[in-house]
Amino acid sequence: MHGKTLSAALLCSAVVLAATGATAGTATAAPSGKKSDFNGDGYADLAVGMPKATVGGKAKAGYVNVVWGGPQGLGGHGSTGISQNSTGVPGTTEAGDLFGTAVSPGDLNGDGYADLAVTAPGERLKDTGTDHEGTATVLWGSATGLRSGITAAKGEADIRLGKLLSIGDYDEDGHQDLALSTTGNGESSATVLRRGPFTAGSSTATSLIMSHPFGGARALASADFDGDGGDELAVTYDGMEIRGTRVLSRGSGEWVPTWSTADHSSALATGDFDGDGTADLALGEVRANPEADSTHCEDRLGGAILVAYGEQGTTLGGRATCTTQSSPYVPGAAEAEDDFGGALAVANLDRDGIDELIVGVGHEAVGTQADAGSYLWLAAHHDGVLGGASFSQNSPGVAGTAEAGDRFGAAVATGDYNGDGYPDMAIGAPGEDASSGGVWFDPTREEGTQPPTTSVTPARLGLTGAVEYGGTLGR
């Protein structure tokens, strides 16, 4: 993290199914149980969705590229491309499917290997008509990486299931579930549930969590906010006069709101930012509801991050703080349309039991370069306001040069990609190289010389025809 010390051949006409190193390395005899270790070798892997990519001559059919972790971290161990043309993957590659719109890792069958949920909101389930029902697919992790999968959920009519995705055990039955958004016209947008378990032949039907008339969900996140052992779902949404953020619980069998605010946002993340043992919720790029009497973040120039802190015995019953680039501990300056907080991820970078928030600022100007982008790691101070350090491609030790339109920080993710026991950061820059894109690997070290932040580009991975690589990262 650049000197900081923390306290205590794919897609020209078809998908290349195995790019450099696509054999996924040598797996251990038993799975590691890590959230994004798809091949069980003990290293976190990174799933990169490219929904706008052409596959087999089909425009915007989309695919997922899995970058394998290993001793060298991301970029040193190759990658594998997976599309609906891949053996064992349900469906057929078609123009406009947008396969890879949302990607999320999690052990969905309880075997210890991380699986990958992937959505295709542009999927058409009928040979006739123009409806895009959308689907969600689960790809199974194994000792040889992601293998065959199942269609986990299907949309109906023209609801475009799957723009957003989150994984959690919401009904406390021991099986992971999927929360998914639908994006229809008028009153048909909603957040829906596909209950686990996930097995071949299991139902693909969904049930309603929350409707969003004349609007839609903007972000989803899952965590055990009330400490009862099951997950709750945080939904931030907006529409015509209907905006806000809610935490919903299904522990009693019905979805019940347990916390809400009129503020809404474009990103959500959960972690324990104050180290008190309760889950907190971060809302990135907060926006006020004009119909409400107040907002947590009066100052929102360039974007703001609201943190609602948990408290024992409650759901987010602690204090709420707002952080901007005008806050005293945050480097940089607040400027209009920076998109501060437009992307969020969480990791305990120094393993002290207190999480840090990784913040993408994809539209930050760097010098005279508009939308070059940056990212920050932020930790909570005693007053709950966040502070830390900021980096761009012009920072020492970071590969590349900040250029207009790179959108460095448009997506962020975390995982122990090099196996040193400390979480690392992955930073997406979908506008890099004329929107071919790229991902930057920032290895975390608590002590000693900070390793350089290296770029993982389609060219380095041997991919061709990449589109906005790094814009969608599994986290």
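I take buried to mean under 20% relative accessible area, exposed over 50%, and partly exposed in between, with a 1.4 Å probe and protein chains only. Strands (E, at least two residues) and helices (H or I, at least four) are DSSP runs, numbered from the N terminus.

**Entry 1. Basis**

I worked on a predicted model, in which local features need pLDDT of at least 70, side-chain atom pairs count only at pLDDT 80 or more, and totals for chains, interfaces and linings use all residues. Residues are numbered from 1 along each chain as its sequence is written, and side-chain values use heavy atoms, with hydrogens and water left out.

**Entry 2. Strand E9**

I looked up the burial of strand E9, residues 177–182, and found six of its six residues buried. I then separated the two faces: Asp177, Ala179 and Ser181 lie on one side, and Leu178, Leu180 and Thr182 on the other. Both faces are covered.

Next I checked the pairing, where two strands pair if DSSP finds at least two bridges between them. Strands of a sheet pair through backbone hydrogen bonds, either parallel or antiparallel. Strand E8 (residues 165–168) is joined to E9 by four bridges, and the two run antiparallel. Within that pairing I noted Ile167 opposite Leu178. Strand E10 (residues 190–194) is also antiparallel to E9, with five bridges between them. Here Thr182 of E9 has Ala190 as its bridge partner.

**Entry 3. Asp171**

I located Asp171 in the loop between E8 and E9. Is Asp171 buried or exposed? Its relative accessible area is 15%, so I recorded Asp171 as buried.

I searched for polar contacts, meaning pairs of N or O atoms within 3.5 Å; within protein, one must be able to donate a hydrogen and the other to accept it, and residues adjacent in sequence count only if both atoms are side-chain atoms. The side chains of Asp171 and Arg195 make such a contact at 2.7 Å. I then listed contacts in the wider sense, heavy atoms within 4.5 Å. With neighbours within four places in sequence left aside, Asp171 touches Asp177, Arg195 and Arg250. Asp177 is one of the buried residues of E9.

**Entry 4. The disulfide**

I searched the whole structure for disulfides, defined as pairs of cysteine sulfur atoms within 2.5 Å, and found one. Cys297 and Cys322 form it, with their sulfur atoms 2.1 Å apart. The torsion about the S-S bond is about 120°, so I entered this disulfide as right-handed. Cys297 lies in the loop between strand E17 (280–284) and strand E18 (305–308), and Cys322 in strand E19 (residues 320–323), so the pair ties together parts that are 25 residues apart in sequence.

I compared the accessibility of the two residues. Cys297, at 1% relative accessibility, counts as buried, whereas Cys322, at 22%, counts as partly exposed.

**Entry 5. The sheet that contains E18**

I traced an open sheet of four strands in the order E16-E17-E18-E19, with antiparallel pairing. Its edge strands are strand E16 (267–271) and E19, each of which pairs on one side only. Neighbouring strands are turned by 20° against each other on average, direction ignored; the axes are lines fitted to C-alpha atoms (for helices over the stretch in contact), and angles run from 0 to 180 degrees between N-to-C directions.

I followed E18 on both sides. Four bridges join E17 to E18; I noted Ala282 paired with Val307 and Leu281 opposite Ala308. On the E19 side there are four bridges, again in the antiparallel sense, and Leu306 stands opposite Cys322, one of the two disulfide cysteines. Ile305 and Val307 point one way from E18, Leu306 and Ala308 the other way, and all are buried.

**Entry 6. Backbone exceptions**

Most residues other than glycine have a negative phi, and most peptide bonds are trans. I looked for departures from both patterns.

A cis peptide bond joins Gly196 and Pro197, with omega about 10°. I placed Pro197 in the loop between E10 and strand E11 (207–211).

Lys60 has a positive phi, near 55°, and is found in the loop between strand E1 (46–50) and strand E2 (63–67). I recorded Lys60 as partly exposed, at 46% relative accessibility. Phe214 also has a positive phi, about 55°, although it is not a glycine. Phe214 lies in the loop between E11 and strand E12 (215–223) and, at 42% relative accessibility, is partly exposed.
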